[in-house]
Amino acid sequence: MNGRHVLIADDHPLSREGVALAVRAALPGITIDHAGSIGEAEQAIARRKTGYRLVLLDLVLPDAHGFSGFFRLQHLLGAVPIVIVSAHRHKRIVEAAGVLGAAGFLHKVMPLDDLAVALRDIIEGKAIFPPMDMPALDAQSARDRITTLSGAQLRVMLALAGGRLNKQIASDLDITEATVKAHLTSIFRKLGVHNRAQALLAMQPLLGDSGPHPA
């Protein structure tokens, strides 16, 4: 892993600072950028021309739905490792994170020293996840289907999962409604479904709600 910068995306300042302490313990001298939303994280990635060594992501952010924020950052970051740091440890979420290519899944309430050790292991190329009994077959199936989508189609699919209408999607992505409809037609064909509701159901293991935001 190259780079001397780490990005922490979390909308709770205290959580960000706690994670930052562990990052500094694991990587002395590292420069840390902070983001409170996926949009802010995307802006940070665009500004940081030298790239990131590691990204630490809270799934529950104001502009994310399920794993939609993870997909958006993964699309921009390529091979840069993304570690989920969450207050939740639901089995399905942990399993899906592994299937989707996260570098690790860490709990926010881990002791600082344990969190730093886990981050060092991840930096060395180890995958760190809580032990799971069975593989996430539903998530794997959904992942296999979603990898057939182009980047433009994935952006439309994520907007659809966010409840956006065709006109809103067109405005958000700066494309025409006709283009949105064309993308949806291709998405439905690739997912083997016939309408928006079926498409969302097919992607439910990946785009579903990742749980309530902890207070």
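## Exercises on a predicted model

The open sheet of this predicted model is formed by 5 strands in the order E2-E1-E3-E4-E5, with parallel pairing.

**Exercise 1.** Determine which strands stand at the edges of the sheet, and state the average twist from one strand to the next.

*Solution.* Step one: E2 and strand E5 (104–107) each have a single partner strand, so one side of each lacks a neighbour in the sheet, and these two strands stand at the edges. Step two: from one strand to the next, the twist averages 20 degrees.

**Exercise 2.** Describe how strand E4 is joined to E5, and identify the bridge partner of Ile84.

*Solution.* Step one: E4 (residues 82–86) and E5 run parallel and are joined by 4 bridges. Step two: Ile84 has Phe105 in E5 as its bridge partner.

**Exercise 3.** List the buried residues of helix H2 and the elements against which they pack.

*Solution.* Step one: H2 spans residues 38–47, and its buried residues are Ile38, Gly39, Ala41, Ala44 and Ile45. Step two: these buried residues pack against strands E1 (5–9), E2 (31–35) and E3 (54–57), and against helix H3 (68–77).

**Exercise 4.** Classify the packing of helices H8 and H9, and characterise their contact.

*Solution.* Step one: the axes of H8 (residues 166–173) and H9 (residues 177–191) are 8 Å apart, at an angle of about 105 degrees. Step two: the range 65 to 115 counts as roughly perpendicular, so H8 is roughly perpendicular to H9. Step three: H8 contributes Asn166, Lys167, Ile169 and Ala170 to the contact, while H9 contributes Glu177, Val180, Lys181 and Leu184. Step four: the contact residues comprise 4 nonpolar, 1 polar and 3 charged.

Note on methods. Residues numbered from 1 in each chain as written. Predicted model: local features only at pLDDT ≥ 70, side-chain atom pairs only at ≥ 80, totals over all residues. Heavy atoms only, no water. Buried < 20%, exposed > 50% of the residue type's maximum accessible area, 1.4 Å probe, protein only. Contact = heavy atoms within 4.5 Å. Pairing = 2+ DSSP bridges. Axes fitted to C-alpha atoms, helices over the stretch in contact; angles between N-to-C directions. Parallel < 35°, antiparallel > 145°, perpendicular 65-115°, else oblique. Nonpolar A, V, L, I, M, F, W, Y, C, P; charged D, E, K, R; others polar.
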